[in-house]
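Visitor: I should like a close look at one part of this chain, followed outward into its surroundings. Please take me through it residue by residue and strand by strand.

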Amino acid sequence: MKLRILSLSMLAALAACNNSSDSPSTADTPGGTFDISAETAPAVAAAPDPDRDIPLEDKTFYGLKGGDSVELGQVSEAASVMHHSMKIGGEDVKFTARAGHLIAYKPAAADGASDPQAAIFYTSYTRDDLPRENRPVTFFWNGGPGASSKFLHLGSWAPKRMVINPPVIPPEYFEKDQPAFPVIDDAETLLDQSDLVFVDPVGTGFSSAIAPHKNEDFWGVDSDPKILRDFITRYINTYNRQSSPKYLYGESYSGIRTPITARLLLEAGSANYLPDSSGKPPVALSGIVLQSPVLDYNSSCTLGSKASCEGLLPTYAATADYYGLLPARGERSLDDLLVDVRAFGATSYRTVQKTIISKITNPSGKTVQQDYLEELATPDSEYFRHLSEEAKEERLKYYGAVAPTPVVAFMTAVYEIDSAIPAITLPFTINKPLFPLTKLCVQSQAKEAVKNSPPLPIEIGVDISSFKREPFSGKEFVALKQAVPSAVKREIPLTEKMVKSGAYFDYLIDQTTRKLLMGSARKLVVCPIIDAWSNYVSSTDGFKYFRDLYKYTGLGQPIKIIDNSPWVRYPNMDYNIFLNKLIPGYSFNVYDARMSVPGMNYDPSFADTAGGNAAMAGLLPGFVGYINRTAPYMGMNDHVNYSWDWTPDPDVKFSTSRLRTSIPDLIESLTLQSGLKVIVLHGYTDIVTPFHQTELDLENAKLADRIPLKTFEGGHMTYSNEASRAPMKAVLDQFYAGTLGGPGTGFASNPPVASPGPQQEIDKLVAEIKEVLKEYGGGDDKMDVVAGSLKQYIDRPAEYKDRTRVFLANGYLATIKKYLEAQKKAPAKPAAAAAPPNLREENTKKRDFLVVQARKIQTNYNDLMRAPGVSAAQSEHYKLLRDELMEIERALLRIDLDKDNADVFKTDESLLNEREAEAKKAQEAAQKAPPPPAPNPPVVPVSNPGTLH
């Protein structure tokens, strides 16, 4: 039996009696129709029970397409209310989980009229035992654009979290998504520091625009942060959080979204707050956490720019190191090595890109748009030679109207660059090359043809995203209708209003790059090697340069550079090529490159999607008490990403410098509030938003002394890496305490101290573990397990040089320390004798060692298959041996770790040693053979990170 509630005022009156730090105010809010179970609904006449759980069934359908919206009368601001408790730092903590919608109202106009713009879905976790006046509240959102807050909600710092356990991918999921992951209590939850609110932007989760607005009205670089500002204001007023310290936590694309939202909040101040009965001063914003952010698309080699890939070099190094393929590592720590990689990028790599590659790519020094407009403005006279002077003049007038338009230039550029041949889209070009780089390629082709030898290719990135929107006149609109291919017209409706505003040009560029160039505005042009590059490659400086690239990335051992190093063909190598060359035949998760699977039939980059959807479907009704059966929760909405409006708001005073970057907004936020705390968190093996690119962006913005940047083991969602959670939480604790993130705490003014060698690091760690274990007396089952792991670490430190296990030991140590601090336990008797080695742990260590060894030898055979002078029969033989090694790897990953596998390991290790010796012998023979040119295999795209979590 169901009890129907028709008015929010009744529910608000009940909830207001709760002592929660987020009991809502009794302000009137619009009503809606919702069901709650009769068994859990308090009787109207009875005294309300503040500890009563109130689940909520929402029967409203929230459309998530661009033109969708919901009627205001269908929206209720009621929320589910579920009470829970958990242990945090050894203490029992009570908290309340809520989920529902709040209406984001546009700030009132001069006449006082309010505009309900959108119903924003949120989930909050608030402490019941702390007063709200000084209790921080943190607002979380993911990126995309088009991602809900699902990834942060399930993976980071909420009271419950999903255990993904990267980089492990079980063998049974090498070709399909894992359907489910465990959901556990979060020992590192941020509830000890702040109340937590997970926010879904319009078009994600269950968030929708309110008519007459449409979802797509809020799908833009500036309209999106405005609606988030208005949601935060509504939340503050609803739950009386005017004086609470406020934080924003944004991930991925939210490196753009969050600084803009911060600026908007600081500009508004408390102007839109309701009066606060506490009388305490209001707080606009206290701090920002940026998790794996992109701050500037224009400088990102990964995300479609023609920019230098210098920012990726340390991530390439960390990835190659994980797979045991980095020659320069030796006994040094990874952090210590990355200091050298950064220095190489800032000197040798940067110099080569600026002095050689950029001049090849852009010999005119102009933008692609300028080059094409100039060329198209002067039609080829050959095309008119058969016409009379009068007809020639008439034809020139016509082409004079069509040719110079940016759209025609853009379409010409796309087809010429995409096909790497002279443009043929306009008849008057007579197949002549228009783009300076294409002209250079044609000239080189002619030179190579004279030599009568196979050309050595070079592939250079060209960025066509530099084409900017321009409004068009009515005359140009007519010309445009003739110039744009009909296939593109079908994809994008062509209206005069869109064309004149410039919006159509935006759509055209976006859709064309997605459809024709596979989602990237950065297209590789292939042509015979240019003399300037060839001369450098064969020089002494060139040899040193390629030797260092091999040392720091694991690619292209410089035996005979021209034939061996992929850096010759790809001088500014993007992530797709790097991963394909690093371990050929494997597919990588670009969000955490440590995760890879054999074969090219499955992309593991979104391997957590199905399991995440399943976890969310269980968490909302089961733990939070929110039920909506009209549609599933929308975790990622591609409609948003495809329709995103990147045009900066022209009313912002520095709008001209804000195209695809939030750095001006970040600087303005720090100007508006000099004490604003900001911190950036990254993972070493995140290919999509590499940590060093953020370092470079902050350095270029002169913010390196102001903003600390911390890097941890793991990828994009660094918090999902088990060994990194405790260290990350420790950093966040410092941030909330105010000792990190403020003025003077930037990464440049506080550089990481060069780490000692692994053995010194382990000796120090073992000594610290011994001291802490002396204080631990045992008795807590969970802590006993942690202590047991640390005791094993003490017994066998020499075997724990693997970086992942060092991180793990540090995490265990932090857990024990936190437990002791919470319990205030006095020093107890010394720890018992160490337990004997665990069979499963021994098996895991041995298996992982053999898997890495197998992968390294596979790479050697892959190189041999394409080595100069190798016959077809030899190549086939090497392929069979490579396949045998892949089978050994798969068998190792399938073994039962709880059984005695000593004989299996002995046999496999013996065979691997035998294959390694064969490969070494064959490589030595291949090096002595004459090296005829070998064609490069095609590069298989790994993944397109057009959508960021």
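Guide: Leucine 334 is found in helix H6, which covers residues 334-361. The model in which it is placed is a predicted one. Is this leucine buried or exposed? Its relative accessible area is 3%, and because buried means under 20%, leucine 334 counts as buried. Along the sequence, leucine 334 and tyrosine 684 are 350 residues apart, yet their C-alpha atoms lie 9.8 Å from one another in space.

From tyrosine 684 one may turn to strand S19, made up of residues 677-683. This strand is mostly covered, with 7 of its 7 residues buried. In a regular strand the side chains alternate between the two faces of the sheet. In S19, one side carries Lys677, Ile679, Leu681 and Gly683, the other carries Val678, Val680 and His682, and the residues of both sides are all buried.

Which strands pair with S19? One partner is strand S13 (residues 287-291), which is joined to S19 by 5 bridges in the parallel sense. In this pairing, leucine 290 stands opposite valine 680. Another is strand S20 (residues 709-712), which runs parallel to S19 and shares 4 bridges with it. Here glycine 683 is set opposite phenylalanine 712. Between S19 and S20 the chain passes through helix H23 (residues 691-700), and the resulting β-α-β crossover is right-handed.

A second strand, S7 (residues 137-141), can be described in similar terms. Because 5 of its 5 residues are buried, S7 is largely enclosed by the rest of the structure. Val137, Phe139 and Trp141 point one way from the strand, Thr138 and Phe140 point the other way, and all of them are buried. Strand S12 (residues 246-251) pairs with S7 in the parallel sense over 5 bridges, and S10 runs parallel to S7 with 4 bridges between them. Threonine 138 takes part in both pairings: tyrosine 247 stands opposite it in S12, and leucine 196 is its bridge partner in S10.

Phe139 of S7 leads to the nonpolar interior. In soluble globular proteins, nonpolar side chains tend to be buried together. The largest nonpolar core in this model has 55 residues, and those with the most contacts inside it are Phe139, Phe231, Tyr235 and Leu698. Setting aside neighbours within four places in sequence, phenylalanine 231 is in contact with Leu102, Ala104, Ile120, Tyr122, Phe139, Val197 and Val199. Apart from this core lies another, of 51 residues, which includes Leu312, Ala318, Ile360 and Tyr545.

Valine 197, one of the contacts of phenylalanine 231, also serves as a reference point for histidine 153. That histidine lies in helix H2 (residues 150-155) and is buried, with a relative accessible area of 0%. Histidine 153 and valine 197 are 44 residues apart in sequence, while 9.1 Å separates their C-alpha atoms in space. Beyond residues up to four places away in sequence, histidine 153 touches Thr123, Tyr125, Ala158, Lys160, Phe198, Met616 and Leu619.

Ala158 and Lys160 also appear among the residues touched by aspartate 186, together with Met86, Ser156, Trp157, Pro159, Arg161 and Arg725, again not counting residues up to four places away in sequence. Aspartate 186 occupies the loop between strand S9 (183-185) and strand S10 (195-200). At 0% relative accessibility, aspartate 186 counts as buried. The side chain of this aspartate reaches the backbone nitrogen of glutamate 188 at 2.9 Å.

Lysine 87 gives a contrasting case of accessibility. It belongs to strand S4 (residues 79-88), and its relative accessibility of 53% means that it counts as exposed. Although 100 residues separate lysine 87 from alanine 187 along the chain, their C-alpha atoms are 7.8 Å apart. The side chain of lysine 87 also makes a polar contact with the side chain of aspartate 92, at 3.3 Å.

Finally, these parts may be set within the whole. The chain has 30 helices and 20 strands, and of its 949 residues 54% count as buried. Among contacts between residues at least 6 apart in sequence, 78% join residues at least 24 apart. The chain exposes about 39,200 Å², of which carbon and sulfur atoms supply 54%.

Key. Residues are numbered from 1 along each chain as its sequence is written. This is a predicted model: local features need pLDDT of at least 70, side-chain atom pairs count only at pLDDT 80 or more; totals for chains, interfaces and linings use all residues. Side-chain values use heavy atoms; hydrogens and water are left out. Buried means under 20% relative accessible area, exposed over 50%, partly exposed in between (1.4 Å probe, protein chains only). Helices (H or I, at least four residues) and strands (E, at least two) are DSSP runs, numbered from the N terminus. Two strands pair if DSSP finds at least two bridges between them. A crossover is right-handed if, with the strands pointing away from the viewer, the path from the first strand over the helix to the second runs clockwise. Contact means heavy atoms within 4.5 Å. A polar contact is a pair of N or O atoms within 3.5 Å; within protein, one must be able to donate a hydrogen and the other to accept it, and residues adjacent in sequence count only if both atoms are side-chain atoms. A nonpolar core is a set of buried Ala, Val, Leu, Ile, Met, Phe, Trp, Tyr and Cys residues joined through side-chain atoms within 4.5 Å. Accessible areas come from the Shrake-Rupley method with a 1.4 Å probe; for residues, only the protein chains shown count as cover.
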